[in-house]
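Some descriptive terms are best understood by setting each value against its definition. The questions and answers after the display proceed in that way.

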Amino acid sequence: MNAEYDLFVIGAGMAGITAANRCASQGWKVGIVDTLPYGGTCALRGCDPKKILRRGAEIIDDARLMHGKGVNQNGLTLDWPALMRHKHGFTDDIPGAMESTLKRNGVSTFHGDARFVSRHHVDINGEQHSAARFLIATGARPRPLEFSGQELLVDSTEFLNLEALPRRIVFVGGGFVSFELAHIAARAGVECVIIDHGTKPLRAFDPDLVDLLVRRSEQAGIRVHHSTSVSAVTHTSTGFHVAIERDRATSNIDADLVVHGAGRVPNFDGLDLEAADIAHGPHGIDVFGHLQSRSNPYVYAAGDAAGTPGERLTPVAVFEGKVAASNMLKGIETVPDYAGVPSTVFTIPELNRVGMLEQEAARDGREISVRYHDTSGWYSNYRIGETTAATKVIVDPATDLILGAHLLGPGYSEVINTFGLAIKLGLTTRQLKSVTATYPSVGSDLGSMF
């Protein structure tokens, strides 16, 4: 096709930027557009700023754990405005740096709302552009809620930009966002409540370790309501009433802020995908395994916008962007390899998973060996005063291969990467145990986890 661009990318997050730079480096004429500043959710509104704020909470928690063990807190507190300035020191320069890199690589950059008008044309702020191919990498947005007053909630983006923390916060939903943000706020002295509709929060993670994390959360001052639904949120003279229902009984929780943590859905607002014959569903663009649209062969999708088996994680978005770019450039059909991708809930301590859950392996009819350890008394945790830590490793006894690993404890977000590597490369527990680790380190505990 005689088009203005070889590739036009919609969405300037990590998936879109990765693909745009790669295709431009191979001589393609590439355009990219986003309504929001360049950089995407992770760098600007999610993972990175969240973990910067978490560092302040970690210091508070570390000092409390060592109280009576040689550390005197002496009124140690978290200075939220100063911590927020520290966060902005990282995030504020990202959009400009990302866009400058794209321009240096020859990518044409646009800002505004994109809307398809045909299979090969997109409208941006009233101006149409044609492309031989499109990559949709628009990420996700908070899931629509159905109770009265849902418009009064703030999302994680707004929380991560609060100039000051209120005294009472209610988090709606029992997933990553609620737990991670509550663990930060609680260490700053905020009264936090998590409302979870299900019988157990964080359902993608090992239920035994989730139970331990919930108890640790409650010790930190976070109240967790299970099997509870929100029926309404209303303004009051002092803040908000959150009306909740459990077992047909209703009650109210008073709050100064109510945060949406009830999941996210692909963000296709205003794109008019139907105009370009782009089939999609609740999990994203309907794509083949190699990330090409099933209904429009000129369209690819990556990251949270793509209906793939991949977890909704930044590293997955990055390698899907790389695979999509390679497939378009070379005209091939490589399918991303999702094996051994770990995920972490960055609570304090953090909860990690890679591979299969125990119940998933059992449902598959696999014979399994479950290696569970309460590691709270192990040296690496005793040293810092942590009293909640455990590991569970799922092993195939016939092959000695690791099927899944589940870790709750400080520093275990680094250890889970080794388990991910083992799953991806097919390493056995014997091979991992044969490694001599530096000691004393958290990583040196790995052999004992089997």
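What follows takes up helix packing, burial and backbone geometry in turn.

This is a predicted model, in which local features need pLDDT of at least 70 and side-chain atom pairs count only at pLDDT 80 or more, while totals for chains, interfaces and linings use all residues. Residues are numbered from 1 along each chain as its sequence is written, and side-chain values use heavy atoms, with hydrogens and water left out.

Q: Why are helix 1 and helix 9 called roughly parallel to each other?
A: The axes of helix 1 (residues 14-25) and helix 9 (residues 314-330) cross at roughly 30° and come within 8 Å. Axes here are lines fitted to C-alpha atoms, for helices over the stretch in contact, with angles running from 0 to 180 degrees between N-to-C directions; helices and strands are DSSP runs numbered from the N terminus (H or I with at least four residues for a helix, E with at least two for a strand). Angles under 35 degrees count as roughly parallel, over 145 as roughly antiparallel, 65 to 115 as roughly perpendicular and the rest as oblique, and helix 1 and helix 9 are therefore roughly parallel.

Q: What is the handedness of the crossing of helix 1 and helix 9, and which residues meet there?
A: The crossing of helix 1 and helix 9 is right-handed, a term used if the near helix is turned clockwise from the far one by less than a right angle, anticlockwise being left-handed. Met14, Ala15, Thr18, Ala19, Arg22 and Cys23 of helix 1 meet Thr314, Ala317, Val318, Gly321, Lys322, Ala325 and Leu329 of helix 9, where contact means heavy atoms within 4.5 Å. By class, the contact of helix 1 with helix 9 has 8 nonpolar, 3 polar and 2 charged residues (Ala, Val, Leu, Ile, Met, Phe, Trp, Tyr, Cys and Pro count as nonpolar, Asp, Glu, Lys and Arg as charged, and the others, Gly among them, as polar).

Q: What makes helix 1 largely enclosed by the rest of the structure?
A: Buried means under 20% relative accessible area, exposed over 50%, and partly exposed in between, with a 1.4 Å probe and protein chains only. Because 9 of the 12 residues of helix 1 are buried, helix 1 is largely enclosed; the buried ones are Ala15, Gly16, Ile17, Thr18, Ala19, Ala20, Asn21, Cys23 and Ala24. They pack against strand 1 (7-10), strand 2 (30-34), helix 5 (94-104), strand 7 (134-136) and helix 9.

Q: Against which elements do the buried residues of helix 9 pack?
A: The buried residues of helix 9, including Val316, Ala317 and Glu320, pack against strand 1, helix 1, strand 7 and strand 19 (299-301).

Q: How do you know that the span of helix 9 agrees with its number of residues?
A: The expected span of a helix is 1.5 Å times one less than its number of residues. The 17 residues of helix 9 should therefore span 24 Å, and its end C-alpha atoms are 24 Å apart, which agrees. Helix 9 is followed by glycine 331, whose phi is positive, near 65°.

Q: Why are helix 3 and helix 7 called oblique to each other?
A: The axes of helix 3 and helix 7 (residues 176-187) cross at roughly 50° and come within 8 Å, and the two helices are therefore oblique. Helix 3 passes helix 7 in a left-handed crossing. Among the residues in contact are Lys50, Leu53 and Arg54 of helix 3 and Glu180, Leu181 and His183 of helix 7; by class, this contact has 6 nonpolar, 1 polar and 6 charged residues.

Q: What makes arginine 248 count as exposed, and where does it lie?
A: Arginine 248 counts as exposed because its relative accessibility is 81%. Its place is in the loop between strand 13 (239-246) and strand 14 (249-255), and its phi is positive, about 70°, although it is not a glycine.

Q: Why is aspartate 272 called partly exposed?
A: Aspartate 272 has a relative accessible area of 34%, and is therefore partly exposed. Aspartate 272, too, has a positive phi, of about 50°, although it is not a glycine.

Q: What is the peptide bond from isoleucine 348 to proline 349?
A: That bond is cis, with omega near 0°, and proline 349 has its place in the loop between strand 20 (343-345) and strand 21 (351-355).
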